[in-house]
Amino acid sequence: MVTCYDASFASIVNKSDVDCILVGDSLGMVIQGHSSTLPVTLDEMIYHTKAVKRGAPNKLLIADMPFLSYQTSLTEGIHSAGRLIKETNADAVKLEGSDKESLALVKRLVEIGIPVMGHLGLTPQSYQTLGGYKVQGKDSNSAEKMLKDSIALQEAGAFGIVLEMIPEKLGQEISQAIQIPSIGIGAGRYTDGQVLVIYDLLGLNTEFTPKFLKKYADLGYTILNSVNTYHKEVVDKLFPEDKNIF
Ligand code: KIV
C-alpha cells in the first residue's frame, strides 16, 4: 500500500503492482506543510480522495477519517464516513484507535456497509498524548494491550489494521494472532503488508530520514536540479529552443 493525494501520482500508481492506495491524513504534513495531521478537515480529505479516485479508478482506495470527524459521537462518525464514501467513491475508510467508542463505530460502519481499516501503534492523531512520534508497545503491558486491541478491532469487523512504529516482535505477534491483514509502517518484517507515504519513499523530502523509511528514489534532489537547470537555461537564453516555439 502507498499513500496518494492527487490525480497525477494516483494515475502512476494505478499502473503499478501496488494493491491499494491510502489517502492518508498525512496530507496535512506532506501537502499542506503542517507539523501534524490534526488540522486536516473532512472536506479536505474528500477533495483529495476525489482527485485520487479520478487518477486511480482501478485500485482499492481507502480514505482516512481525519481528527475530530469521528471522535465526538457515533452519529458524527457515521456521517463523516458516509460522506467520505458517498462523495468520493472510496472503497473503505481508516480510523485510528480502539477505545470503546471507536470499536462501536467500526462495528456500526461495517453493519451499514462501510468497510473499515483500523490503525494501532503510533496513531498520529494522538501524538500529543503518546509523548510525540515515538515507537509504541515497547513494554509488556502496552504490547499486551495492543494485541488485545487488534483482536477487538477484528471482532468489531475491521478488514485490516495498520500497525505503525512498534517493535518487530509485536508486529509479528499481532499478525499471527489476527486473521485480517496487518499492514506495517515501522512495524518490522512480519506484517502481511507494508505501507509508506509516497512522498517519503520517493525521497521528496530530503531532510526526512526516519529509521523505518527506505527511499527508493531521490526525487527531492531531482526536482531541485531540474528547476535550477531550467532557471539557468532561461537566464542563458537556451530555453525555449526552436522546437519549443510556435
Ligand atoms: O496518514 C497516513 O498516511 C497514514 C499512513 C502512514 C499509514 O496513516
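The following questions and answers cover the sheet, a surface patch and the largest pocket of a predicted model.

Residues are numbered from 1 along each chain as its sequence is written. Local features need pLDDT of at least 70, side-chain atom pairs count only at pLDDT 80 or more, totals for chains, interfaces and linings use all residues, and side-chain values use heavy atoms, with hydrogens and water left out.

Biologist: Which strands stand at the edges of the sheet?

Modeller: Strands are DSSP runs of E with at least two residues, and helices are runs of H or I with at least four. Two strands pair if DSSP finds at least two bridges between them. The open sheet has 8 parallel strands in the order S1-S2-S3-S4-S5-S6-S7-S8. Each edge strand has a single partner, so one side lacks a neighbour in the sheet; these strands are S1 (2–3) and S8 (193–194).

Biologist: Which residue in S4 stands opposite Asp64?

Modeller: Strand S3 (residues 60–64) pairs with strand S4 (residues 92–94) in the parallel sense over 3 bridges. Opposite Asp64 stands Lys94.

Biologist: Is Val234 buried, partly exposed or exposed?

Modeller: Val234 lies in helix H9 (residues 219–235). Buried means under 20% relative accessible area, exposed over 50%, and partly exposed in between (1.4 Å probe, protein chains only). At 34%, Val234 is partly exposed.

Biologist: Which helices and strand each supply at least two residues of the lining of the largest pocket?

Modeller: A pocket is an open set of points on a 1 Å grid over the protein atoms alone, where a 1.4 Å probe fits, with protein on both sides within 12 Å along at least five of seven lines; lining residues have an atom within 4 Å of a point. The lining has 36 residues, with Glu164, Ile185, Asp200, Phe208 and Phe212 nearest the pocket's centre. The elements are helix H2 (27–30), strand S6 (160–164) and helix H8 (198–201).
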